[in-house]
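User: Please take a close look at one part of this structure, the place where two neighbouring parts of the chain meet. A connected account suited to a first-year student would be welcome.

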Amino acid sequence: MAVVAAAFGMGGVTAAQAADQPEVTYAGSVSDDLGILQINARSGADITDITAHLVSYTSQTEVARIGTEDFRLFSGTRQDGIWRTKEPLKLPEFGQYRIDVDVTDADGGRVLRRSAGDFAYYVVAQFGALTVDRTAIDRDHRDVQVEGTLYGRFPTRQVKPLAARRVDIDVDYWTQTTVTTDAQGHFTASVRLDAAAPIQAVFRVDGGTPAVLYGESETVQIGVDQVPTRFTSTVSATDVDFGQPVTLSVKVEQKTSDGWVPLAGRSGGVLFGPDDAQTDLVGRFNTAEDGTFTMDYTPWQGGSFQLALDTSDDPFLQAGTGTSDVVHVHRASKFTAFTAARSDTEKIHAEGLIDFPDGWTPGWINVHIQYSPDGVNWSTLTTVEASWGGSGNDFAADLGQSGAGYYRAVFDEDANFQAATSQTVFVPASD
């Protein structure tokens with residue numbers, strides 16, 4: 001039992017010690033600075049010594065040994081930190097190398113991790129500013145001249161032009177042409193655009209010597225100078241009764257060096273409705289040779305025709321819009337009853353009913369009670385508001401007029417309703 005206990009005790013101590021041993025968690029190049037070697041390591045005690053060995057994959061021989069004096073603690077602590085070489089490494093050949101790392105801590109713990117990572121020792125492609133001879137194309141000028149310079153950033157941080165290397169010129173992220181740099185790394189190209197698009201120079205691995213990794217320039221956005229378009233419209237009437245059709249006549253034009261000319265064979269759509277409410281689809285149009293089209297439409301509410309040109313198949317043509325004159329739709333109104341009679345007090349009492357048969361009712365129904373001594377010349381005596389009374393919109397008024405004459409009720413036309421006049425009632429003089 002004592003032997004077993006001792007064995008378990010020793011096993012526990014060994015496991016604890018193993019947990020505190022140095023550990024290399026990562027080794028490799030710094031992605032944006034390939035000549036710098038980076039090592040992540042941790043231990044239960046301060047790490048006191050780091051040695052890295054770079055081994056050639058082809059020859060399996062060591063090409064460089066980097067000792068503790070070459071590293072600095074970049075971040076973290078000496079028990080759990082990231083170490084980087086103080087200066088970029090200088091190796092005899094470009095390529096990828098195996099990294100073996102030997103780490104020792106203050107308690108004497110030591111670990112040698114083979115194949116802790118890879119060290120990428122390559123040239124990286126970089127571009128100077130990409131320049132173009134125009135920032136926008138138009139219908140007659142679609143070619144864009146592109147210029148730039150390709151550089152290589154070496155692992156030693158030296159940057160110098162790359163000669164005789166192939167550069168792709170991408171338009172909208174697709175390669176349109178490929179050119180070769182001159183002795184100063186300079187290149188020029190011409191690309192043709194059919195729409196607005198970004199232009200970018202891209203270096204893709206081309207098998208040249210030395211090997212150069214992928215690089216791309218900043219993109220340059222090229223726009224389009226579009227040909228202006230316009231609508232000229234007329235309507236057959238700006239005031240119609242509910243149910244009455246309206247004819248829309250339109251001419252579509254484009255602006256050229258010779259002025260505005262008809263735009264033939266173009267399509268688009270027409271809506272109708274008020275600016276601040278739901279619009280209805282009237283239909284689609286196609287312009288004739290003279291750029292015109294007509295449409296008939298029966299509106300159920302007031303509003304304007306709203307016109308839009310479809311230019312999805314021609315990026316050089318402006319997607320113009322237009323609006324017609326406002327068309328007011330007047331719904332019917334009528335008086336279904338009106339009476340005027342002298343009361344016991346000798347005053348005139350008038351009353352009646354007004355109806356709106358087309359489905360809408362005004363928010364305020366103002367009825368004018370009018371008087372005429374001869375049935376020809378009328379004057380308003382008072383204005384009353386009609387309201388729903390169960391069998392219609394009723395109104396009533398007591399008038400101070402006492403002489404003989406003619407009486408009637410009048411509802412004025414507005415933007416949504418027709419005018420209405422009641423029957424005329426003659427009231428004789430008092431006895």
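Analyst: The following account describes the interface of domain 1 and domain 2. The model is predicted, so local features need pLDDT of at least 70 and side-chain atom pairs count only at pLDDT 80 or more, while totals for chains, interfaces and linings use all residues. Residues are numbered from 1 along each chain as its sequence is written, and side-chain values use heavy atoms, with hydrogens and water left out.

The chain is divided into domain 1 (23-121), domain 2 (123-224), domain 3 (229-330) and domain 4 (334-427); these bounds come from an automatic or database domain assignment. Domain 1 gives 10 residues to the contact and domain 2 gives nine, where contact means heavy atoms within 4.5 Å. The C-alpha centres of domain 1 and domain 2 lie 36 Å apart.

About 750 Å² is buried between domain 1 and domain 2, and carbon and sulfur atoms give 66% of this area. Buried area is the accessible area (1.4 Å probe) that two parts lose on being put together, summed over both.

Two salt bridges are counted between domain 1 and domain 2; such a bridge is a side-chain nitrogen of Lys or Arg within 4 Å of a carboxyl oxygen of Asp or Glu. The side chains of R157 and D33 meet in a salt bridge at 2.6 Å, N to O. On the side of domain 1 that touches domain 2, strand β2 (residues 33-42) supplies the largest share, four residues. Strands are DSSP runs (E, at least two residues), numbered from the N terminus.
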